[in-house]
Amino acid sequence: MDANLKEHLRELEESHTGLEVRKSREKLDEILADEFFEIGSSGYMFDKKECLETGVVLTEMSLHNYEINPLAPDVVLSTYFIVDKTRNRNTFRSSIWKLIDGRWQLYFHQGTISPLQLSEVLKETK
């Protein structure tokens, strides 16, 4: 898969997890596909409408070990590890990005709380 696409999707992913987008209904609306749904680390499911109406968790996160895997020419699975500095917990994340109307949009997102620390995850990838 193209390195430029990986970098572009990583930037979108980082913006999606960043406070600037999470605080802005307009920016969140732009990045989420109309059919977006999520299985949160809480175990609850959310759709785009719920995310826009009730907002999303505002927390300071850093993204690590970002990888992408093509599922189709216009569909990509991304996986990564998040260190949540605000809630003092870590999660494994996966997202499905779809090329819709000429731009990549977040179609699906899922987070699973992990007992692992960043140093352990970095060892596993070497």
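Student: Let me start small. Which residue in E6 is the bridge partner of Ser 94?
Tutor: That's Gln 110. Keep in mind that we're looking at a predicted model.

Student: Okay. And what stands opposite Ile 39 in E6?
Tutor: Gln 110 again: Ile 39 stands opposite it. So we have Gln 110 facing Ser 94 and Ile 39.

Student: How do the strands around E6 run, then, parallel or antiparallel?
Tutor: One of each. Strand E5, residues 89-100, pairs with E6 in the antiparallel sense, over eleven bridges. Strand E1, residues 32-39, runs parallel to E6, which covers residues 103-114, and four bridges join the two.

Student: What links E5 to E6?
Tutor: They form a hairpin, with two residues between them. Asp 101 sits in that turn.

Student: What's the phi of Asp 101 like, positive or negative?
Tutor: Positive, about 50°, although Asp 101 is not a glycine.

Student: Is Asp 101 buried or exposed?
Tutor: Exposed. Its relative accessible area is 77%, and the cut-off for exposed is over 50%.

Student: Where else is there a positive phi in a residue other than glycine?
Tutor: Have a look at Asn 65, with phi near 55°. Asn 65 is in a strand, E3, whereas Asp 101 is in the loop between E5 and E6. Asn 65 counts as partly exposed, at 24% relative accessibility.

Student: Let's stay with E3. Which strand does it pair with?
Tutor: E4, in the antiparallel sense, with nine bridges. A hairpin through two residues joins E3 to E4. For one facing pair, find Leu 63, which stands opposite Ile 82 in E4.

Student: What about Asn 69?
Tutor: Asn 69 is also in E3, which spans residues 61-72. At 37% relative accessibility, it counts as partly exposed. Setting aside neighbours within four places in sequence, Asn 69 is in contact with Val 76 and Leu 77.

Student: How far is Asn 69 from Glu 120?
Tutor: They're 51 residues apart in sequence, and 23 Å apart from C-alpha to C-alpha.

Student: Switching topic. How many helices and strands are there altogether?
Tutor: Five helices and six strands. From the N terminus, the order is α-α-α-β-β-α-β-β-β-β-α.

Student: What overall dimensions does the protein have?
Tutor: Its C-alpha atoms fill a box of roughly 40 × 35 × 25 Å along the principal axes. The radius of gyration is 14 Å, which agrees with the value near 14 Å for a compact globule of 126 residues. The accessible surface comes to about 7,300 Å², and 51% of that belongs to carbon and sulfur atoms.

Student: How much of it is buried?
Tutor: Buried residues make up 40% of the 126.

Student: What's in the largest nonpolar core?
Tutor: It has 20 residues, and those with the most contacts inside it include Leu 9, Leu 28, Tyr 66, Trp 97 and Trp 104. Several elements supply at least two residues each, among them helix H1 (3-17), helix H3 (25-31) and strand E4 (75-84). E3 gives the most, with four residues.

Student: Why do nonpolar residues gather like that?
Tutor: As a general tendency, nonpolar side chains in soluble globular proteins tend to be buried together.

Student: What does Tyr 66 touch?
Tutor: Leaving out residues up to four places away in sequence, its contacts include Leu 9 and Trp 97, along with Lys 6, Arg 10 and Glu 13. Tyr 66 also touches Ser 78, Thr 79 and Tyr 80.

Student: Now a charged-looking name: is Lys 48 buried or exposed?
Tutor: Buried, with a relative accessible area of 7%, because the cut-off for buried is under 20%. Lys 48 is in helix H4, residues 48-54.

Student: Which side chains make polar contacts with Lys 48?
Tutor: Asp 29 is one, at 2.9 Å. Asp 34 is another, at 3.1 Å. Beyond its neighbours within four places, Lys 48 is also in contact with Leu 32, Ala 33 and Phe 36.

Student: Last one: is Glu 26 buried or exposed?
Tutor: Exposed, at 60% relative accessibility. Glu 26 lies in helix H3. Its C-alpha is 8.6 Å from that of Leu 52, and the two are 26 residues apart along the chain.

Methods:
Residues are numbered from 1 along each chain as its sequence is written. This is a predicted model: local features need pLDDT of at least 70, side-chain atom pairs count only at pLDDT 80 or more; totals for chains, interfaces and linings use all residues. Side-chain values use heavy atoms; hydrogens and water are left out. Two strands pair if DSSP finds at least two bridges between them. Buried means under 20% relative accessible area, exposed over 50%, partly exposed in between (1.4 Å probe, protein chains only). Contact means heavy atoms within 4.5 Å. A polar contact is a pair of N or O atoms within 3.5 Å; within protein, one must be able to donate a hydrogen and the other to accept it, and residues adjacent in sequence count only if both atoms are side-chain atoms. The radius of gyration is taken over C-alpha atoms; the globule rule is 2.2 Å times the number of residues to the power 0.38. Accessible areas come from the Shrake-Rupley method with a 1.4 Å probe; for residues, only the protein chains shown count as cover. A nonpolar core is a set of buried Ala, Val, Leu, Ile, Met, Phe, Trp, Tyr and Cys residues joined through side-chain atoms within 4.5 Å.
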